[in-house]
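Hi,

Here is the structure I promised to pass on. Have a look at it first, and then read on for what turned up.

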Amino acid sequence: VVLDPGHGGMDFGGRSFGLKESLLTLDIARRVRRIVGSRRSDVELLMTREDDTFVSLTQRTAMANAVGASAFVSIHLNGYEQEVERGGVTTFVLDTSRDYQARRLVSDEQGRRRSEIGGLSMIVARLQRRGQRRASSVLAESLHRSTIRSGRRQLPRLYDRGSRSAAFEVLVGARMPAVYLQR
């Protein structure tokens with residue numbers, strides 16, 4: 001499983017009370033790795049970054065693809081300039097309803113320009129994405145329920161914003177079930 005602490009380096013994400021999202025997500029990913037590692041010796045957890053350095057969005061999923069990861073989990077925090085009435089937990093899977101994700105998948109895998117991608121390649125990419133989407137949804141639901149249950153031990157009124165789909169760039173290149181966790 002590849003854990004992806006969101007942001008990093010010059011891309012520090014949201015800031016609040018002098019804290020940077022990039023450092024907080026790194027801390028969360030390290031804690032997850034330590035806890036899961038102590039409970040499940042059969043699960044190997046790798047991280048896209050070990051310190052506060054910048055890793056591009058495409059490099060993150062390329063790392064997961066290169067090691068043949070079973071799952072990719074990108075960890076983020078809600079960062080808003082203005083006060084948020086209701087925070088909470090949202091878990092996302094890639095929105096595959098648009099052709100550009102399928103076109104990008106084929107383009108990246110075949111080394112072709114997106115404008116060169118034709119009908120048959122698009123059909124194959126859609127079929128690949130459909131299976132991945134189902135597996136990602138199962139992973140998202142499981143992680144989401146677990147996060148809500150654990151979070152409510154400390155924050156009993158933690159708001160459940162549900163599982164949704166969105167076109168997060170960091171999920172586009174993943175060839176395995178992939179989720180974007182936002183706290």
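Which helix holds both Asp 27 and Arg 31, and how many residues apart are they? Both sit in helix α1, four residues apart, or about one turn of the helix. Before going further, please keep in mind that this is a predicted model.

Those two residues form a salt bridge, with 2.8 Å between the closest N and O atoms. Neither end is hidden away or fully out in the open: partly exposed means between 20% and 50% relative accessible area, and so Asp 27 at 32% falls in that class, as does Arg 31 at 44%.

The structure has six salt bridges, and two others are worth a look. Helix α4 holds a pair with the spacing just described: Glu 141 and Arg 145 are four residues apart there, which means about one helical turn between them. Their side chains meet in a salt bridge at 4.0 Å, N to O. Arg 145 is partly exposed at 49%, and Glu 141 is partly exposed too, at 35%. The other one joins Arg 40 to Asp 42, with the closest N and O atoms 2.7 Å apart. Here Arg 40 is partly exposed, with a relative accessible area of 43%, whereas Asp 42 counts as exposed at 56%.

Now stay with helix α4, which also contains His 144. Is His 144 buried or exposed? His 144 is buried, because its relative accessible area is 4% and the cut-off for buried is under 20%. The His 144 side chain makes a polar contact of 2.5 Å with the side chain of Asp 160. Leaving out residues up to four places away in sequence, His 144 touches Asp 160 along with Val 89, Thr 90, Thr 91, Gly 162 and Ser 163.

Last, the pockets. The largest one has a volume of about 1200 Å³, and 29 residues line it. Nearest its centre are Val 32, Val 36, Ser 146, Thr 147 and Ser 150. The elements giving two or more residues to this lining are α1 (21–39), β5 (72–76) and α4 (119–154). Which of them gives the most? That is α4, with nine residues. As for the chemistry of the lining, 16 residues are nonpolar, six are polar and seven are charged.

If you open the model, you could begin with α4, since that helix carries His 144 and gives the most residues to the lining of the largest pocket.

Cheers

Technical notes
Residues numbered from 1 in each chain as written. Predicted model: local features only at pLDDT ≥ 70, side-chain atom pairs only at ≥ 80, totals over all residues. Heavy atoms only, no water. 1 Å grid on protein atoms, 1.4 Å probe; cavity = no way out; pocket = protein on both sides within 12 Å on 5 of 7 lines; lining within 4 Å. Points joined across faces, edges and corners; volume = space filled by probe spheres on them. Nonpolar A, V, L, I, M, F, W, Y, C, P; charged D, E, K, R; others polar. Buried < 20%, exposed > 50% of the residue type's maximum accessible area, 1.4 Å probe, protein only. Polar contact = N/O pair within 3.5 Å; in protein donor to acceptor, adjacent residues only side chain to side chain. Contact = heavy atoms within 4.5 Å.
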